[in-house]
Amino acid sequence: MKNNNELRKVWITFLVYFVLYLVVCLIFKNQQFLWLLISVFSIGISIFLLVKNKFPRGKALLLPVLFAVLYMISNIFSFNVVGTFLGAGKVFLASCAVISTYKSVIGDNFKWVRREKKSDALKSILIGIGVGIIWGGINYLLMKGDNAIALANIGKALIVSLNPAISEEITSRTLFLALCIYAVKGIPTSKKESFTCWFMMIVPHILPHMLFSLEGGIVKALISFVIYLVLYIAVFGFVFAFLQRKRDVLSAMVAHGLVDAIRFSIFGLPF
């Protein structure tokens, strides 16, 4: 019964997020506000999990610091100093929350990289590259009809792609996995727990990519929203969540980063 109550709280959290998502879409009509919204929720979830499970110490802080530094490096071309430090702080807090939650609930260290064999890290990178190339090609085909070609430096594109690879995978996906682990007090096993986990790792991250509008009437808007939501889930959301759940976070980061690197190099940098 306790797990059911905790799962209910997870869904209530999402419902609040979704209502605010609709408010931002219909009143402010600004996609940047959507990214700000999920950032606020990510920070709130991170603080909640850290309060419940205590802040990690010692060597456990090395990876969060590394992720934060890589995030800052990914922003060297944007010249947004305040946004860079705030984003790095968000990544740091989320990483710490994931580590502390897993250690407290599972009693073990969170495995960002599979380590059953010495070759596992290399295998994860190769899997990520393979998936990234395939899904990067799919993304190109989906975008080429509505976007002008604006070739960018490949090196810059790879550096900038560290931003979504690290930030989105940790703060908008791994963190939500940690929230579900905390809610069920262990690895999700039942159908209800597993569905909640998959949903939370996919849908909250997808929503900021979609600016819901009532133009054309509510029926048409809802149909269009559902179609695009399913498309985003099928083409992008599920594959990165699948890599995290079935392989490791590293493979998802590499795949996600490569998809965006291909997009940035062909259609231009996002600033």
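Lys-29 is exposed, with a relative accessible area of 60%. Keep in mind that what we are looking at is a predicted model. Lys-29 sits in the loop between α1 and α2, and its phi is positive, about 50 degrees, although the residue is not a glycine.

There is another lysine to put beside it. Lys-54 has a phi near 75 degrees, again a positive value in a residue other than glycine. Its place is the loop between α2 and α3, where α3 covers 62-74. At 68% relative accessibility, Lys-54 counts as exposed.

Next, the cysteines. How many disulfides does the model have? The count is 0. Take Cys-180: the closest cysteine sulfur belongs to Cys-197, and the distance is 4.7 Å. A disulfide needs the two sulfur atoms within 2.5 Å, so at 4.7 Å Cys-180 and Cys-197 are too far apart for a bond. From the other side, the closest cysteine sulfur to Cys-197 is that of Cys-180. As for accessibility, Cys-180 is buried at 1% relative accessible area, and Cys-197 is buried at 0%.

Now the aromatic residues. The structure holds 21 aromatic pairs. One of them is Trp-11 with Phe-199, a tilted pair with 4.8 Å centre to centre and 45 degrees between the planes. Trp-11 lies in helix α1 and Phe-199 in helix α8, so this pair ties together parts that are 188 residues apart in sequence. Trp-11 counts as partly exposed, at 28% relative accessibility.

Phe-48 and Tyr-182 form an aromatic pair too, and this one is edge-to-face, with 5.6 Å between the centres and 90 degrees between the planes. It links distant parts of the chain: Phe-48 is in helix α2, residues 31-53, and Tyr-182 is in helix α7, 134 residues apart. Is each partner buried or partly exposed? Phe-48 is partly exposed at 34% relative accessibility, whereas Tyr-182 is buried at 11%.

Tyr-182 has a further neighbour. Lys-185 lies over the face of the Tyr-182 ring, at 3.5 Å from the ring centre. An arginine does something similar elsewhere: the charged end of Arg-245 sits over the ring of Trp-198, 4.9 Å from its centre.

Ring pairs also build a cluster. It is made of Trp-11, Phe-14, Tyr-17, Phe-18, Tyr-21, Phe-41, Phe-195, Phe-199, Phe-212 and Phe-225. Please hold on to Phe-14, Tyr-17 and Phe-41 from that cluster, as they come back in the next part.

That part is the empty space. Rolling a probe the size of a water molecule over the atoms shows where empty space is left. How many cavities of 30 Å³ or more turn up in the whole structure? The search finds 1, and its volume is about 60 Å³.

Which residues line the cavity? The lining consists of Val-10, Thr-13, Phe-14, Tyr-17, Phe-41, Phe-176, Leu-179, Met-200 and Pro-204. Here are Phe-14, Tyr-17 and Phe-41 again, now as lining residues. By type, the lining divides into 8 nonpolar residues, 1 polar and no charged.

Where does the lining come from along the chain? Helices α1 (2-28), α7 (162-184) and α8 (191-206) each supply at least two of its residues. Helix α1 gives the most, with 4 residues.

Last, helix α9, which runs over residues 218-246 and includes Ile-218. Ile-218 counts as exposed, at 53% relative accessibility. How far is Ile-218 from Phe-195 in sequence and in space? The two are 23 residues apart in sequence, and their C-alpha atoms are 28 Å apart.

Lys-246 lies in helix α9 as well. At 48% relative accessibility, Lys-246 counts as partly exposed. Its C-alpha is separated by 10.0 Å from that of Arg-114, and the two residues are 132 apart along the chain.

To go back over the main points. The count of disulfides is 0. Aromatic pairs number 21, and the pair of Trp-11 and Phe-199 ties α1 to α8. The one cavity of 30 Å³ or more has no charged residue in its lining.

How values were computed. Residues numbered from 1 in each chain as written. Predicted model: local features only at pLDDT ≥ 70, side-chain atom pairs only at ≥ 80, totals over all residues. Heavy atoms only, no water. Buried < 20%, exposed > 50% of the residue type's maximum accessible area, 1.4 Å probe, protein only. 1 Å grid on protein atoms, 1.4 Å probe; cavity = no way out; pocket = protein on both sides within 12 Å on 5 of 7 lines; lining within 4 Å. Points joined across faces, edges and corners; volume = space filled by probe spheres on them. Nonpolar A, V, L, I, M, F, W, Y, C, P; charged D, E, K, R; others polar. Phe/Tyr/Trp six-rings, centres within 6.5 Å; stacked < 30°, edge-to-face > 60°. Lys NZ or Arg CZ within 6 Å of the ring centre and 35° of its normal.
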